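Here are some notes for a colleague who is opening this structure for the first time. Please keep the sequence and the view side by side while reading the points below.

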Amino acid sequence: RLLAGNAVPYRLDGTLAVEVLGTTQRFPSVTVARGELPPPPPLRAPTVRFDAGASGVRLDGLTAVIDVGLAIDNPLLLGFWARGPQLEIRVDGRPVGRASVPPTPVPAGGTARAVVRVEAGVAELGAALMTRLRTGGLGLEVGLRGDMAFEIPGVTEIAVDLAGVGGPLR
């Protein structure tokens with residue numbers, strides 16, 4: 001019933017038995033508690049959002065270090081682990097490298113933050129993007145492609161497509 005979204009009635013009965021001088025005296029069963037478990041809230045999938053505050057770019061010679069910040073919201077009553085084994089990072093729609101999200105614990109009913117980092121050189125970025133990054137990269141769109149896995153150890157694992165997660169660099 002509970003899994004179907006219905007309330008479940010319960011009752012707790014108790015019986016008392018007393019042993020005196022080798023004789024057991026049993027008393028009638030008594031209901032100690034009764035009630036109803038309310039239906040659980042509807043299940044909603046975790047969501048992954050672009051975190052502009054944790055995103056950015058840093059230049060190191062001819063290499064750009066690009067961070068894409070993520071906020072992972074968990075509306076569930078159980079915590080889980082989030083990970084993204086092979087994500088493609090894109091800058092202004094152009095793939096610039098692959099990276100992964102390290103295993104990140106996400107608390108029940110809470111939010112966790114993760115950063116996907118990739119280092120890309122002139123060959124991956126192209127001269128035009130590299131020039132824009134040297135001037136701060138403001139307004140460049142960064143995004144991710146690939147699946148992120150949410151795992152409740154020993155229970156289940158689901159994958160969510162991250163296409164569309166991204167936003168502008170500030």
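1. Val160, setting aside residues within four places of it in sequence, is in contact with Gly146, Asp147, Met148 and Phe150. Please keep in mind that the model is a predicted one, and that this applies to every point in this note. Val160 itself is placed in strand β13, which covers residues 156–161, and it is partly exposed, its relative accessible area being 24%. As for Gly146, it stands 14 residues from Val160 along the chain, and the C-alpha atoms of the two are 8.4 Å apart.

2. Phe150, one of the contacts of Val160, also takes part in the one aromatic pair that the structure holds. The ring centres of Phe80 and Phe150 are 5.0 Å apart and the ring planes meet at 65°, so the pair is edge-to-face, given that planes over 60 degrees apart count as such. Because Phe80 belongs to strand β8 (residues 80–91) and Phe150 to strand β12 (residues 147–152), the pair ties together parts that are 70 residues apart in sequence. Both Phe80 and Phe150 are buried.

3. Which side chain does the side chain of Asp67 meet in a polar contact of 2.6 Å? The partner is Arg117, and Arg117 also appears among the residues in contact with Asp67 beyond four places in sequence, together with Ala54, Ser55, Gly56, Val115 and Val116. Asp67 is found in strand β7, which covers residues 63–73, and it counts as buried because its relative accessible area of 14% falls under the 20% cut-off.

4. Asp73 likewise lies in strand β7, and at 18% relative accessibility it is counted as buried. Its side chain makes a polar contact of 2.6 Å with the side chain of Arg49. Once neighbours within four places in sequence are left aside, the residues in contact with Asp73 are Pro46, Thr47, Arg49, Gly110 and Thr111.

5. Turning to the surface, a reader may wish to locate the nonpolar patch of about 510 Å² that is made by Leu16, Val18, Val20, Leu21 and Phe27. Within this group, Phe27 is placed in the loop that runs between β3 (23–26) and β4 (30–37). With a relative accessible area of 38%, Phe27 is described as partly exposed, because that term covers values between the 20% limit for buried and the 50% limit for exposed.

Conventions. Residues are numbered from 1 along each chain as its sequence is written. This is a predicted model: local features need pLDDT of at least 70, side-chain atom pairs count only at pLDDT 80 or more; totals for chains, interfaces and linings use all residues. Side-chain values use heavy atoms; hydrogens and water are left out. Helices (H or I, at least four residues) and strands (E, at least two) are DSSP runs, numbered from the N terminus. Buried means under 20% relative accessible area, exposed over 50%, partly exposed in between (1.4 Å probe, protein chains only). A polar contact is a pair of N or O atoms within 3.5 Å; within protein, one must be able to donate a hydrogen and the other to accept it, and residues adjacent in sequence count only if both atoms are side-chain atoms. Contact means heavy atoms within 4.5 Å. Patches are made of residues with over 30% relative accessible area and no salt bridge: like charges are joined within 9 Å, nonpolar side chains (Val, Leu, Ile, Met, Phe, Trp, Tyr) within 5 Å. Accessible areas come from the Shrake-Rupley method with a 1.4 Å probe; for residues, only the protein chains shown count as cover. A salt bridge is a side-chain nitrogen of Lys or Arg within 4 Å of a carboxyl oxygen of Asp or Glu. Rings of Phe, Tyr and Trp (its six-membered ring) pair if their centres lie within 6.5 Å; planes under 30 degrees apart count as stacked, over 60 as edge-to-face and the rest as tilted.
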